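Welcome, and thanks for taking a look at this one. Please open the model in your viewer and keep it beside you as you read.

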Amino acid sequence: MLEALMPELVIAVFALAVIFIDMTLREDDKEFLGYLSLVGVGIALAMVFSQAKSLLAAIAAKQALQVSFFSGLIRVDLFAVFFKLVFLLVALLVILGSLDATRKDKYKGEYYSLILFATLGMMFAAMAADLVLLFVAVELASISTFALAAFRKNRTGTEAAMKYFVIGAFSSGLIVFGMSLLYGLTGSTNLYAIAEALPKTAEFHWVLILAVVFLIAGFGYKVAAVPFHMWAPDTYQGAPSPVSAFLAAASKKMAFVALLRIFLIALSMPALVKEWALLFAILAAITMTLGNVVALAQTNIKRMLAYSSIGQAGYVLIVFALLASTQVDLNLSIGAGLLHILTHAIMKGGAFLAVAAASYYMIGSNLEDFAGLGRRLPVTALTMTIFLLSLAGIPFFAGFVSKFMILTASIAAGGAYLILGILLIINSVVSLYYYARVIRYMYFAEAEVKREREPLLLSVALVVAALLVIYIGVFPDSFVSLSLNAASSLFS
Amino acid sequence: MSVGEQYITIALFVIVGAIFPVLTIFVASLLRKPRTPEPQKYLTYECSVLPFGPAWVQHNVEYYMYALLFVIFDVETVFLYPWAMTYRSFGLFATVEVIIFIAVLALGLAYAWKKGALEWMRGWR
C-alpha cells in the first residue's frame, strides 16, 4: 500500500524540505532549492515510470490492473499513473526552466515549494476515487497556483492572480455544490458507490441534472471552456511565463482528470450519458471555434497561446461528447483524449517556456518583439517553431497524432458527431494561420539583432520537450497503446 | 412521525421567532412611559462607556496574520482531539502519525515566525 504512494510521499517530503531549508539559507544561496526540487521531481518521475511499467506488464499478463486502498479512497490504476506522468513531466520541465527564468527573483523557496505542493495536489487528484479527496486535492493544487500566479508583485501579475483567484474560488464553490447534491442523492462520496446507487432508469431526479450542470460549470471554469474562459487570457498573460506553462500544461489537465473520473465512473449510466454528452458537444463546438477565432486577433504571444489553449481544450471536450455514441469504442475515444492531454501538455508547456527564454533577455511577448528571434536565440526559436507546428497539427509532430486520434474517434461515431470532427479540421486550418504568423516573425521579419548566449537550463528544458514532441510524432505506437490501456484501466 | 409532523417544530420556531421581537418591543414601549427625552439617551450605547472619537477608525490590517496563524492551531486542535479520544485503541501507529502531523504544522509556524509574522506593527518601524 505504502509503496504505491511513494512518489507522492517523495514530493511531499521535498516540498516540506524546500520550505524548511529556505529558512536557513541566505538570499544568494537559494538557487540550490531549485536543484533540490528538481531532484525530488526526478525521483518521483522515475518511481511513477516504474509503476507504469509494472502496470503495463500486469495488463499484458491479464492480471489485476489497479491497487485500491484507504477503503476505496485512492485508486492507483494506469489511468492515474498516466496523468501522474504528465504532471511530473510538466513539473520537471517547468522547474528546469524556472532555474534560469527566476534567477533574478526573490522568494525562490516559496516558488519551488508551491510548485511541488501543486504537483502533489494534482497527483492525488489523479488517484482520487472519492469526491471529498478529489475536492481537497484540486484545492491544494489551485491554492498553490493562485499564489504562484502572483509571484511577481507587479500590476499585471497581481491582476492575473486576482482574476484567477476570484474565478477559481467561485468555480470551487460550484464544484462543491454539485458534489454535495450528488452526495445528497446517493448517500455516498465514493465515485463507484455513487454509480451503484444512482437509478438505472431513464427517469432522473431534477436534482441530478442540477448536480451535473454545477459540476460541468465548475470544472468548465477550471479547464477554461468557452462560456467560462474569460479569466484564462489575462491570467496566462500576466503570470510569469514558467507559471503560465505550469497552469496551461498541468493545472488545466488536473481539471480534465477530475471531469473524466466523475463523469465516466459516477455518472456513467447510459441514459444520463446522453444528457451530459449533448452539453459537452455544445461546449466543445463553441470552445474550439471561439478559442481559435479570437486567437487570430491577438498581437501578444502569451495571450495568443492562452486562446489557443482554450481551443485545444475544446478538442479534448469532443471526447466527452463522443461517449454517448454506441458506434465508437469507449477506449478509443477516451484514449484519444488522454493522448491529446499528454501531447498538449508538452507542446503548450514548451511554448510558454520558449516565451520565458525570450523574456530572459527582456524580449517582450508582443509579436513584433519576436522579430529576428531566429538569429538572436536560435535554439529557442527552433524549439518554439516545433511546438507551434505541433499545436497546429502538422504531421510528424505529436499534436498531429493526438488530433488524428480524436478525428478517427469522431468519424467512427458517425452521424451528428461528424460535425464535431469537421469543426476540428476547420479549426486546425484556422489555427495554422496564427501559429505560422509567429514563425514568420521569428525568421522572416527585418530586425537588427545579434546572436546571444541562451540560458543553458531553459534550453535543455526546451530541447527535451521538443525532442519528445518529435518522438511522439514519429513513433506514436507505444504512446497510443499506453493511452488506450490507461483508458481501459478506468473501467476494470 | 410523518414528514409533515417533523416540520411542525420548525414551523413553530419560525412563528415564535417572528412574534417574539414584536412582542418585546411592544412590552418595552409600555414600560418606557413617561417619555423624557434627554441627549444622553441618543448616544451610541457601548457597555456603559461614553463613546469617543469618530466611528471610522482604521483597524490594523496585520490582524489577518494572526487570523491565519490561528487557523494553524485551530486545525491542530480539531485533529488532536479525536486522536486523544481513541489513543488507547490505535496506539503507537497513530502516535507517530500525529507527531508527523504536528511537525508539518510546526514547520508552518516556524516559517511564519522566520518571516516576522509574529512581530506586531513591523511595517511601521
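Here is a short tour of the two chains, their helices and a few individual residues.

This is a predicted model. Chain A is as compact as a globular protein of its length, whereas chain B is more spread out than a compact globule. Buried residues make up 59% of chain A, but 0% of chain B.

**Chain A overall**

- Chain A has 19 helices and 2 strands. Its radius of gyration is 21 Å, and the globule rule gives 23 Å for 492 residues, so the chain is as compact as a globular protein of that length.
- The C-alpha trace of chain A spans about 70 × 55 × 45 Å along its principal axes.
- Taking the contacts in chain A with a separation of 6 or more, 80% join residues 24 or more positions apart.

**The nonpolar core**

- In soluble globular proteins, nonpolar side chains tend to be buried together.
- The largest nonpolar core in this model has 199 residues. Those with the most contacts inside it are A:V90, A:I115, A:A125 and A:L317.
- Which helix gives the most to this core? It is helix α3 of chain A (residues 78-101), with 20 residues.
- Leaving aside residues up to four places away in sequence, A:L317 touches A:A225, A:F280, A:L283, A:A284 and A:T287.

**Helix α12 and A:I301**

- Helix α12 of chain A covers residues 301-322. At 1.5 Å a residue, its 22 residues should span 32 Å, and the end C-alpha atoms are indeed 32 Å apart, so the two values agree.
- Is α12(A) enclosed or open? Because 22 of its 22 residues are buried, α12(A) is largely enclosed by the rest of the structure.
- A:I301 is found in this helix. A:I301 counts as buried because it has 27 C-beta neighbours inside 10 Å, and the cut-off for that class is 20 or more.
- Beyond residues up to four places away in sequence, A:I301 touches A:V355, A:S365, A:L367, A:F370 and A:V438.
- A:I301 and A:Q327 are 26 residues apart along the chain, and their C-alpha atoms are separated by 40 Å.

**Helices α13 and α5**

- Helix α13 of chain A (residues 330-359) has 30 residues, which should span 44 Å at 1.5 Å a residue. Its end C-alpha atoms are 43 Å apart, which agrees.
- α13(A) is mostly covered, with 27 of its 30 residues buried.
- Helix α5 of chain A (residues 131-149) has 19 residues and reaches 26 Å from its first C-alpha to its last, close to the 27 Å expected.
- Buried residues of α5(A) include A:L131, A:L134, A:A137, A:V138 and A:A141. Also buried in α5(A) are A:S142, A:S144, A:T145, A:L148 and A:A149.
- What do the buried residues of α5(A) pack against? Their partners are α4, α6 (155-186), α7 (191-197), α9 (231-238) and α10 (241-266) of chain A.

**Two loop residues with positive phi**

- A:Y107 is found in the loop between α3 and α4 (108-127) of chain A. Phi of A:Y107 is near 60°, a positive value in a residue other than glycine.
- A:Y107 is partly exposed, with 16 other C-beta atoms within 10 Å.
- A:F396 is found in the loop between α15 (378-392) and α16 (398-413) of chain A. Phi of A:F396 is near 70°, again a positive value in a residue other than glycine.
- With 14 C-beta neighbours inside 10 Å, A:F396 counts as partly exposed.

**Chain B and its meeting with chain A**

- Chain B has 4 helices and 0 strands, and along the sequence it follows the pattern α-α-α-α.
- The radius of gyration of chain B is 27 Å, well over the 14 Å that the globule rule gives for 125 residues, so chain B is more spread out than a compact globule.
- Along its principal axes, the C-alpha trace of chain B spans about 70 × 65 × 20 Å.
- Chain B is divided into domain 1 (3-42) and domain 2 (63-124). Taken over C-alpha atoms, the centres of these domains are separated by 44 Å.
- How many residues of chain B are in contact with chain A? There are 5, and they meet 4 residues of chain A.
- On the chain B side of this meeting, 4 residues are nonpolar, none are polar and 1 is charged.

Conventions
Residues are numbered from 1 along each chain as its sequence is written. Chains are lettered from A and ligands numbered from 1 in the order in which they are written. A nonpolar core is a set of buried Ala, Val, Leu, Ile, Met, Phe, Trp, Tyr and Cys residues joined through C-beta atoms within 7 Å. A residue is buried if 20 or more other C-beta atoms lie within 10 Å of its own, exposed if 12 or fewer, and partly exposed in between; C-beta atoms are placed from the backbone. Two residues are in contact if their C-beta atoms, placed from the backbone, lie within 7 Å. The expected span of a helix is 1.5 Å times one less than its number of residues. The radius of gyration is taken over C-alpha atoms; the globule rule is 2.2 Å times the number of residues to the power 0.38. Ala, Val, Leu, Ile, Met, Phe, Trp, Tyr, Cys and Pro count as nonpolar, Asp, Glu, Lys and Arg as charged, and the others, Gly among them, as polar. Domain bounds come from an automatic or database domain assignment.
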